[in-house]
Amino acid sequence: MVALVWLALICAVVGFLIVWGGSLVLLLTGRIKKSRQLTKSSGIAFLLLTILALVFAGIQAYATSPWEVFKLSFGFEPTADVTPLKATYSAISDSEYAFLMFTASPETIERIVENGLVQTPDRFFPSSNVEPPDWWDVPSTTDTVRYKNASADRNSSYRNRVLIYDRSTNMAFFHFIAVQ
C-alpha cells in the first residue's frame, strides 16, 4: 500500500517537472521569437507552477521540524524540559508516518503516555513498509521502557504508535504510522 503511494508521488513529481519544464521552454521560445502572447501565457504558467513548488517545499520543511513533529504527534508544544533532536515526517494521500527522537523528563513522558499508550514488555517494532531513518538507534538497556497503543484508533483503518524511553538518559524515540 505504502509502496503504491510512493510510486504515485514519484509519478506526480515527474509529471509536474515535465509541465514546469515545458512552460519554461515556451517562455524562452516566446522571448526568442518576440511573441508577446506566448511569453505572457507561458510566463504566467511558469510563475504559478514555481510558486506552487515553493509552497509545497516550504510545507515539507515545516513538517519535518522536530518541534513541529513533536506538536503534531502529542498535541501540545514541547515544554521547557523537552529537546526535540531529530524528526522525519511524511503525509501522502491517506497515510502518514513520523519518527521523532527527543529528550524529556519522566513527567513529560507520563503526560504523553496518558494519551492512549500502555507499557509493554515487547521488544517489537510495528511492521510497516517504512524504514526507520539512519539516526534511529533505539537503546536496549534495563532502563528502557516501551509503550504502544492501548487500542485501535476509530478515525483510521490502521494506526500504530510506539514510544521507547531510556530513563537513564531521558532519551525518547517515538514512531507512528496511520492509514485512513
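Helices and strands are here DSSP runs, helices of at least four residues and strands of at least two, numbered from the N terminus. Threonine 144, a later stop on this tour, is placed in strand E4 on that basis. The model is predicted.

**The whole chain**

Begin with the entire chain selected. Four helices and six strands make up its secondary structure, and their order along the sequence is α-α-α-β-β-α-β-β-β-β. The chain has 180 residues, of which 37% count as buried. Its accessible surface amounts to about 10800 Å², with 62% of that area belonging to carbon and sulfur atoms. Take the contacts between residues at least 6 apart in sequence: 57% of them join residues at least 24 apart.

Next, colour by confidence. The mean pLDDT of the chain is 80, and 82% of the residues score at least 70. Where is confidence lowest, and where is it highest? The lowest mean, 77, belongs to helix H2 (residues 36–63), and the highest, 93, to helix H4 (residues 106–113).

**Helix H2**

Select residues 36–63, the span of helix H2, and display the side chains of Ile44, Leu47, Leu48, Ile51 and Val55. These five residues form a nonpolar patch on the surface, and together they have about 460 Å² of accessible area. Centre the view on isoleucine 51, which lies in helix H2. Isoleucine 51 has a relative accessible area of 44% and is therefore partly exposed, since that class lies between the buried limit of 20% and the exposed limit of 50%.

**Helix H3 and its salt bridges**

Move on to residues 66–74, helix H3. Which residues of H3 are buried? They are Pro66, Glu68, Val69, Phe70, Ser73 and Phe74. Immediately after the helix, select glycine 75, which follows H3 and has a positive phi, near 80 degrees.

Now show the side chains of Glu68, Lys71 and Glu77, which are linked in a network of salt bridges. The count of salt bridges comes to two. One joins glutamate 68 to lysine 71, with 3.5 Å between the closest N and O atoms. Glutamate 68 and lysine 71 are three residues apart in helix H3, and so are separated by about one helical turn. An α-helix has 3.6 residues a turn, so residues three or four places apart point the same way. The other salt bridge joins glutamate 77 to lysine 71, and here the closest N and O atoms are 3.3 Å apart. Lysine 71, which takes part in both pairs, is partly exposed at a relative accessible area of 27%. In general, side chains of opposite charge can pair when their charged atoms come close.

**Strands E3 and E4**

Select residues 117–120, strand E3, together with strand E4. The two strands pair in the antiparallel sense over four bridges. Within this pairing, label valine 118 and lysine 148: valine 118 stands opposite lysine 148 in E4.

Then isolate residues 144–149, the whole of strand E4. Is this strand mostly covered or mostly uncovered? Strand E4 is mostly covered, as five of its six residues are buried.

Finish at threonine 144, in strand E4. Its relative accessible area is 14%, so threonine 144 counts as buried, the limit being under 20%. To see its surroundings, display Pro139, Ile164, Tyr165 and Asp166. Threonine 144 touches these four residues, leaving aside those up to four places away in sequence.

Conventions: Residues are numbered from 1 along each chain as its sequence is written. Side-chain values use heavy atoms; hydrogens and water are left out. A salt bridge is a side-chain nitrogen of Lys or Arg within 4 Å of a carboxyl oxygen of Asp or Glu. Buried means under 20% relative accessible area, exposed over 50%, partly exposed in between (1.4 Å probe, protein chains only). pLDDT is the predictor's confidence in each residue, from 0 to 100. Contact means heavy atoms within 4.5 Å. Accessible areas come from the Shrake-Rupley method with a 1.4 Å probe; for residues, only the protein chains shown count as cover. Two strands pair if DSSP finds at least two bridges between them. Patches are made of residues with over 30% relative accessible area and no salt bridge: like charges are joined within 9 Å, nonpolar side chains (Val, Leu, Ile, Met, Phe, Trp, Tyr) within 5 Å.
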